[in-house]
Amino acid sequence: MSLNEFLSNPNLLPWLVPVGPLLAFFIIMLLTNRARLIPATSPEYGGHHPDYEGMLVPVVSEGSRLVSVLVGLLGILTAWLISLRVVGDAFSVAHLGATVRNSTIPWLATGSTSFNMGVLVDPLTTIMLVMVPLACTMIFIYSIGYMAHDPRQSRFFALISLFAGAMLTLVVADNLLLLFVGWEVMGLCSYLLIGFWYEKESAYKAAIKAFTTTRVADVIMLLGIAYLYAETGTLSFRDILYNEEVLQHLATTPALLLGGAGLTAAGLIGIFLIIGTIGKSAQFPLHVWLPDAMEGPTPVSAMIHAAAMVSAGIYAVIRMYPLFEAGGSPHAGLFTSPLLLLSIVGAFTAIFAATIAVAQNDVKRVLAYSTISQLGFMMAALGIGAYIAAAFHLITHAFFKALLFMASGSVIHGMEHGEHHVHEHAHDDDQYALPGHAPMTLPAHSADGHGHDSHTDTADHVPEPHTEHGHHFDPQDMLNMGGLRKTMPVTFITFLVGGLSLAGFPLLTAGFWSKDEILADAYYGLSHGFGPHALVFVLLALAAFLTAFYTMRQLGLTFMGEPRTPEAAHADLGQGLVSFTMTLPLVILAFFAIVAGFVGVPPEFPLFGAIFSPEHNPFHHFVIYTLLPEMQAEAPPFNWFPVLTSFVVALGGLGLGYLVYWRKPLVAGEPDPLVAFLGPLHPVLKNKYYVDELYARVFIAPSKAFARVASEVIDRGLIDGTLHLIARVATWIGDLFKVLNVWLIDGVGDSIPELVALFGAWFRRIQTGRIQQYLLLVALAAILIALIFAASSGMLVQAAP
Amino acid sequence: MVPLWAYLLVAAALFCLGMYGVLSRRNAVAVLMGIELMLNAVNINLVAFWRYLEAQTMNGQAFVAFIFVVAAAEAAVGLAIVISIYRNRRSVVIEDVDIMKW
């Protein structure tokens with residue numbers, strides 16, 4: 001089939017969506033990533049000082065860097081353009097959902113049937129294809145500037161291309177296995193990218209943590225996939241989820257485990273799949289990896305938190321939702337076990353993570369916990385059957401969270417810029433000097449082989465410095481910031497837009513509309529007296545309040561007031577391409593963080609409904625056809641109560657934050673008022689409820705202890721002992737054989753030639769070299785022969801008489 | 001007429017004399033001379049047997065003629081070797097020429 005055929009056939013076109021980034025990955029990895037290894041101490045190297053002795057670090061040439069960036073950008077742009085074409089085509093299809101764009105190939109023949117791999121474009125895929133390539137493209141553009149001075153930019157673009165390619169594969173997949181493939185490749189990419197600065201011990205540890213945590217969940221998810229395949233004989237989304245019979249069958253078959261207790265096959269599969277998502281989307285209790293994932297470069301954080309990884313988890317549960325609902329009906333108060341699990345885990349995570357986010361001081365960690373919290377919103381929404389609301393929040397969240405992460409990356413970048421500035425002018429302006437940042441300590445730091453001092457250009461610096469080596473300045477700590485609105489105005493405005501959207505600032509922002517829809521759905525169930533709806537409504541409203549509060553706290557601490565450190569006073573993005581590529585995506589995403597909400601306005605909403613949804617809610621109307629007609633729930637009737645709740649929690653949280661952190665910003669050295677207010681609760685929140693410590697004690701310490709036992713007793717004692725014994729016996733037998741060999745076989749073998757040689761030495765004496773002796777012997781021999789001849793022939797006998 | 005055994009006796013005595021010379025003389029030329037004696041003893045045998053037993057045919061005399069030729073050639077070659085040895089070793093003592101040994 002020619003490329004033209006792929007481009008012209010709308011059923012085949014989705015195959016091409018992930019091709020661009022995947023190709024870019026291979027091209028960069030195999031061809032353009034020409035790195036050479038140099039010692040980390042070399043002045044050529046501008047990255048992190050390694051935490052390990054004698055480590056060699058790869059450095060790429062400028063040409064390789066440029067080509068790699070271009071290839072990566074070209075790959076994602078191709079994917080974006082093809083996605084736009086797929087999306088355009090999808091919008092033109094009448095009744096998309098009942099009819100879909102679908103193409104499969106037989107991939108694995110299994111007896112009489114065959115397992116098909118393919119692509120599928122239905123309404124849910126379409127909205128993902130609007131969001132994912134756009135967000136990815138923005139992240140790529142942002143990375144050009146953000147990673148401009150990293151010695152491994154080529155590698156970064158290769159990995160992030162693979163990441164994007166895997167996400168797009170997952171989105172266009174038409175079956176659970178292909179989805180799982182994309183899912184796992186993303187797991188790998190997140191591992192590689194979180195540990196991108198592997199010279200930092202904390203980064204590589206975070207990478208391992210992320211990988212192992214998600215692995216726990218993935219294994220269980222794979223169980224669910226295997227069970228689903230065993231039960232239905234297919235993994236195709238359309239065959240299972242758009243098929244009343246199969247769903248009915250799954251909902252009535254008792255499960256393998258706990259089947260007697262009323263758990264159905266659909267229920268057990270659903271629980272397995274949801275556990276997979278709990279790991280991937282960082283829900284309680286497997287949320288621990290996501291905050292640590294901040295160790296990666298900031299564009300990666302944006303990728304993981306917005307465009308790909310965690311969205312993939314939510315996408316998977318939204319995709320598999322009909323399976324979870326099978327046998328129940330949340331809109332009628334009938335909850336299946338997967339739905340209960342979703343709503344409880346989601347609602348709990350939303351409030352749990354929001355409370356942690358309140359007490360964090362790291363600008364990225366606040367966002368990390370807010371991501372966990374917002375993903376909890378989506379899980380909870382799905383749990384109460386608010387399918388559309390969950391999908392809607394997924395899209396809007398992706399936009400504003402990508403924006404927030406990249407804006408926070410700009411802030412960090414700016415702070416490092418300021419830090420660099422302060423290093424160079426350490427003696428010029430010490431009016432900002434604080435006890436912890438005394439200028440006289442800075443030259444000492446500059447001499448310790450740190451990468452920064454090798455640069456002469458002020459725009460030339462690395463994104464995030466290490467925090468060790470006797471240097472205490474943390475460019476990510478919000479308490480070190482303040483007043484950045486003056487030096488970084490674009491970042492400030494876009495951060496503000498993203499923050500307000502996250503907080504759900506009423507009417508104007510995307511976050512408001514999607515959160516409002518979740519609350520409206522929850523309230524509708526609450527008004528009918530359904531327990532899970534009530535739980536979700538109350539917890540999410542509280543979480544939304546906290547979200548608004550910590551967003552305002554973050555904005556106030558970062559941008560308002562006067563700079564609290566000399567670094568903050570000099571924080572800016574500089575000029576030129578770096579600055580441009582880092583602000584352009586912010587502006588574009590800020591646009592979407594506002595307008596993306598207007599596609600899902602309830603029609604009955606005063607004024608806004610009339611403007612944006614004259615006939616029906618466009619988003620709802622489009623996406624609902626992903627489901628079977630029997631499952632397509634009506635949007636809840638408009639009610640003032642949830643809307644007012646949204647208003648109150650968003651404005652209340654924002655207002656409280658405004659009063660505490662914005663109107664009267666913190667000055668240098670002043671403690672966070674939250675510490676006094678929360679009292680003994682503050683350390684608990686700041687330390688994330690000690691979940692990491694709990695896991696360290698409950699899981700990591702015992703497994704380490706077990707590993708030690710296994711290593712010392714079983715491995716070294718038992719297995720090694722047995723092996724050593726076998727080896728010793730074998731050696732002993734070998735020695736025995738060796739003696740036998742030397743003594744007997746060599747003895748016989750050597751003796752024969754020795755005897756021959758001995759005889760020869762004796763016998764050669766006959767050869768005297770004296771001719772007369774020879775002749776004498778010849779004569780004697782002749783006489784002897786003659787006598788014998790004569791005697792035997794009877795001559796003598798005849799002659800005798 | 002002289003009987004056959006008388007010729008054979010002379011020939012045998014001559015052969016023994018020749019062999020004694022070959023085996024006992026130290027001078028290489030004398031050894032060669034001994035060989036000539038042995039050859040001539042054989043010649044006497046051949047001629048005597050021819051004359052007494054096969055007088056009609058000429059085969060005995062023909063054999064003897066061949067032996068004369070071979071003996072002459074042998075004497076020429078042998079003396080040449082002896083001269084050569086003498087030039088190399090300044091000696092015609094046969095016991096000195098014993099390098100072909102262990």
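## Two chains, questions and answers

Visitor: What radius of gyration does chain A have in this predicted model?
Guide: For 801 residues, a compact globule would come out near 28 Å. The C-alpha trace of chain A spans about 165 × 75 × 55 Å along its principal axes. The radius of gyration of chain A is 38 Å.

Visitor: How many helices and strands does chain A have?
Guide: Chain A contains both kinds of element. There are four strands, and the helices number 32.

Visitor: What percentage of chain A is buried?
Guide: A residue is buried if 20 or more other C-beta atoms lie within 10 Å of its own. Chain A has 801 residues, and the buried share is 52%.

Visitor: What share of the contacts in chain A with a separation of 6 or more joins residues 24 or more positions apart?
Guide: Take the contacts in chain A with a separation of 6 or more. Residues 24 or more positions apart account for 79%.

Visitor: How far apart are the end C-alpha atoms of α15(A)?
Guide: Helix α15 of chain A covers residues 337-358. At 1.5 Å a residue, its 22 residues should span 32 Å. The model agrees: the end C-alpha atoms are apart by 32 Å.

Visitor: Is α15(A) largely enclosed or largely open?
Guide: Of its 22 residues, 20 are buried. Therefore the rest of the structure leaves α15(A) largely enclosed.

Visitor: How many residues of α21(A) are buried?
Guide: Helix α21 of chain A runs over residues 510-527, and its 26 Å between end C-alpha atoms agrees with the expected span. It is largely enclosed by the rest of the structure, because the buried residues number 17 of the 18.

Visitor: Which residue just after α21(A) takes a positive phi?
Guide: Look just past the end of α21(A). The phi there is about 85°, and the residue is G529(A).

Visitor: What pattern does chain B follow along the sequence?
Guide: Chain B has three helices and zero strands. Read along the sequence, the pattern is α-α-α.

Visitor: Is chain B more spread out or less spread out than a compact globule?
Guide: For 102 residues the globule rule gives 13 Å. Chain B has a radius of gyration of 17 Å, well over that value. Its C-alpha trace spans about 50 × 25 × 25 Å. So, set against a compact globule, chain B is more spread out.

Visitor: On the side of chain B that touches chain A, how many residues are nonpolar?
Guide: 10 residues of chain B are in contact with 11 residues of chain A. On that side of chain B, three residues are charged and no residues are polar. The nonpolar residues number seven.

Methods: Residues are numbered from 1 along each chain as its sequence is written. Chains are lettered from A and ligands numbered from 1 in the order in which they are written. This is a predicted model: local features need pLDDT of at least 70, side-chain atom pairs count only at pLDDT 80 or more; totals for chains, interfaces and linings use all residues. Helices (H or I, at least four residues) and strands (E, at least two) are DSSP runs, numbered from the N terminus. The expected span of a helix is 1.5 Å times one less than its number of residues. A residue is buried if 20 or more other C-beta atoms lie within 10 Å of its own, exposed if 12 or fewer, and partly exposed in between; C-beta atoms are placed from the backbone. Two residues are in contact if their C-beta atoms, placed from the backbone, lie within 7 Å. Ala, Val, Leu, Ile, Met, Phe, Trp, Tyr, Cys and Pro count as nonpolar, Asp, Glu, Lys and Arg as charged, and the others, Gly among them, as polar. The radius of gyration is taken over C-alpha atoms; the globule rule is 2.2 Å times the number of residues to the power 0.38.
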